[in-house]
Amino acid sequence: MHRIRTLATGLALAGATLAAAMPAFAQAYPAKPITWIVPFAAGGPTDALARTIADRVSREVGQSIIIDNSPGAGGTVGAAKAARAPADGYTMLVGHMGYMGAAPALYKKLPYDPVKDFAPVFRFPDTPMVLMVRKDHPAKDVRELVEMGKKNPGKLFISNAGVGSTSHLVAALFAASAGMKVSLVPYKGAGPALIDVIGGQVDGMFDQTNTALPQITESKVRALAVTSAARVAQLKDVPTLAETVAPGFEASTWYGIYAPKGTPQAVIDKMQQAYLKVMTDKAFTAKMSAQAIQMLPPERYTASALGKHTAAEVERWKSVAAKANISLD
Ligand code: MLT
């Protein structure tokens, strides 16, 4: 009897010690608004997707999520800012394929390491991209655009969200696989880059479906091709690059939430749990699917899956960048 009482007291004490060992802020987390750094101008696809997801995750965790647009150098300025932020769960990065996957292969001096300086939290669904031209562009289709590009080296002006952004990388990969030289024009985000396609200041650009579709539907721009392996349902008549000028071409953008390294595991678990619950809401995911955003199997949304994916992408981009001879100079 005495032994049983001692054991019970011991277990209760161990529980109390464990709870005490968990920092108070992790138990109460989130006790104040959380900031997500979007390293591009407002109005672009990263900003739009982040706001859609932040709205639902914030309701789940019972605190607001504030979007901090910190553009510059294809997302690397905002990513560096997130890497240096306190690891307390109140600042996180909306990361993507460019500055969290390709950047180490492109920048000689990158002020952060996507793998070593961050703790992955969860992965968003992927977004395919669309090659669009201004509405009065003489190229009727992507074959004609490539013919023009080949005949006039450097005379096709393709806007993008900044050097190292996905709109820059995918345009560079497209030009390399089509065997032409184009002029890549950087902006502070895909939002301003798209405004200049609509305004006719440049020939075209690659943009994510979530921000491209409304402009295509309203005939403000013309879609010539999609970058996914298969056509997207909302643009049935628009071919893939793979079936036209670039066999085997496939490039969808992946996104994820990252916390600075050292963020307490309890914080990461709480955010991941909230997000995974949001992603079981069929009405919510249907809203994203209507923008041609590609849902993933649930196990690929997790922190550990995002961590593995990030490391694999950093490796993959070393050879992709070398083969396509992508340079940031
Ligand atoms: C990109 O092209 O990398 C981004 O999606 C840009 C943006 O969201 O503005």
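Colleague: Which of the 13 residues around the ligand come nearest?

Modeller: In this predicted model, Thr46, His96, Thr166, Ser167 and Ala190 come nearest of the 13 residues around the ligand.

Colleague: What makes the approach of Ser167 to the ligand a polar contact?

Modeller: A polar contact requires a pair of N or O atoms within 3.5 Å. A polar side-chain atom of Ser167 lies 2.6 Å from an oxygen atom of the ligand, so the pair meets that cut-off. The backbone also takes part: a polar backbone atom of Thr166 is 2.7 Å from a ligand oxygen, and a backbone N or O atom of Ala190 lies 2.7 Å from an oxygen atom of the ligand. The protein covers 100% of the 270 Å² of accessible area that the ligand has on its own.

Colleague: Where does the ligand sit, and which elements give two or more residues to the shell around it?

Modeller: The ligand sits in the largest cavity. Helix H3 (45–61) and helix H7 (166–178) are the elements that give two or more residues to the shell. By class, this shell has 5 nonpolar residues, 8 polar residues and no charged ones.

Colleague: Why is the ligand said to lie between domain 1 and domain 2?

Modeller: Domain 1 (33–126 + 253–324) and domain 2 (129–235) both give residues to the shell around the ligand, and therefore the ligand lies between them.

Colleague: What makes the peptide bond between Tyr29 and Pro30 a cis bond?

Modeller: Its omega is about -5 degrees. Most peptide bonds are trans. Pro30 is placed in the loop between helix H2 (24–28) and strand E1 (34–38).

Colleague: What is the phi of Ala73, and where is this residue placed?

Modeller: Ala73 is not a glycine, yet its phi is positive, at about 50 degrees. Most residues other than glycine have a negative phi. Ala73 is in the loop between strand E2 (65–69) and helix H4 (76–83).

Notes. Residues numbered from 1 in each chain as written. Predicted model: local features only at pLDDT ≥ 70, side-chain atom pairs only at ≥ 80, totals over all residues. Heavy atoms only, no water. Near = heavy atom within 4 Å. Polar contact = N/O pair within 3.5 Å; in protein donor to acceptor, adjacent residues only side chain to side chain. Areas by Shrake-Rupley, 256 points an atom, 1.4 Å probe, with all protein chains shown as cover. 1 Å grid on protein atoms, 1.4 Å probe; cavity = no way out; pocket = protein on both sides within 12 Å on 5 of 7 lines; lining within 4 Å. Sits in = over half its atoms within 2 Å of the grid points. Helix = DSSP H or I, 4+ residues; strand = E, 2+ residues; numbered from the N terminus. Nonpolar A, V, L, I, M, F, W, Y, C, P; charged D, E, K, R; others polar. Domains from an automatic or database assignment.
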